[in-house]
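Biologist: I should like to understand the reasoning behind the labels given to this model. May we go through them in turn?

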Amino acid sequence: MSIDPSALNPYERQIFEAMVEQKQMKESMGMFSRVLETCFTSCVTEFTTSALTPGEDKCVDRCIDKFMKHSERISQRFQEFNMLLEQRQMQSAAANL
């Protein structure tokens, strides 16, 4: 289902934007939790001290860095795909005129 925010009155638009923001926050927190769990499970192997060992610390840094680079790449590809899709839609609309 797709909602056109421009078709909503100001009150409905405000509610819609709040719902979108809440959903984005929930998704971000879920992603953060998954990354944290993945990196912790992959990197933390000793529980004899209250701090991370230097090796664990380095592993966590690499794990998070890899996730961030992966997320940036996905976001970039998604934007490229959307731009291409919009161009095709505009070309199709122009051809139908």
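Modeller: The following exchange takes up salt bridges, burial and a surface patch. Please bear in mind that the model is predicted.

Biologist: What makes Lys 23 and Glu 27 a salt bridge?

Modeller: The closest N and O atoms of Lys 23 and Glu 27 are 3.0 Å apart. The cut-off is 4 Å between a side-chain nitrogen of Lys or Arg and a carboxyl oxygen of Asp or Glu, so the pair qualifies. Lys 23 and Glu 27 are 4 residues apart in helix H1, and therefore about one helical turn separates them.

Biologist: Why is Lys 23 called exposed?

Modeller: Its relative accessibility is 51%, and exposed means over 50%, so Lys 23 meets the criterion.

Biologist: Why is Glu 27 called partly exposed?

Modeller: Glu 27 has a relative accessible area of 44%. Partly exposed covers the range between under 20%, which is buried, and over 50%, which is exposed, so Glu 27 belongs there.

Biologist: How many salt bridges does the model contain by this rule?

Modeller: The count comes to 3. In helix H2, Asp 65 and Lys 69 lie 4 residues apart, about one turn of the helix, and their closest N and O atoms are 3.3 Å apart. Because this is within 4 Å, the pair is a salt bridge. Asp 65 is partly exposed at 37%, whereas Lys 69, at 52%, is exposed. Glu 80 and Arg 77 also form a salt bridge, at 3.3 Å from N to O; these two are 3 residues apart in helix H2. Glu 80 has a relative accessible area of 39% and Arg 77 one of 45%, so both are partly exposed.

Biologist: How do you know that Glu 56 has no salt bridge?

Modeller: The nearest side chain of opposite charge, Arg 62, is 12 Å away. A salt bridge requires a distance within 4 Å, so Glu 56 has none. Glu 56 lies in helix H2 and is buried, a label that means under 20% relative accessible area.

Biologist: What does the side chain of Glu 56 reach?

Modeller: It reaches the backbone nitrogen of Glu 46 at 3.0 Å. The residues that Glu 56 touches, leaving aside those up to four places away in sequence, are Cys 43, Val 44, Thr 45, Glu 46 and Ala 51.

Biologist: Which residues make the nonpolar surface patch?

Modeller: Met 25, Met 29, Phe 32 and Leu 36 make this patch of about 440 Å². Leu 36 is in helix H1, which spans residues 10-43.

Technical notes: Residues are numbered from 1 along each chain as its sequence is written. This is a predicted model: local features need pLDDT of at least 70, side-chain atom pairs count only at pLDDT 80 or more; totals for chains, interfaces and linings use all residues. Side-chain values use heavy atoms; hydrogens and water are left out. Patches are made of residues with over 30% relative accessible area and no salt bridge: like charges are joined within 9 Å, nonpolar side chains (Val, Leu, Ile, Met, Phe, Trp, Tyr) within 5 Å. Accessible areas come from the Shrake-Rupley method with a 1.4 Å probe; for residues, only the protein chains shown count as cover. Buried means under 20% relative accessible area, exposed over 50%, partly exposed in between (1.4 Å probe, protein chains only). Lys and Arg count as positive and Asp and Glu as negative; His and the chain ends are not counted. A polar contact is a pair of N or O atoms within 3.5 Å; within protein, one must be able to donate a hydrogen and the other to accept it, and residues adjacent in sequence count only if both atoms are side-chain atoms. Contact means heavy atoms within 4.5 Å.
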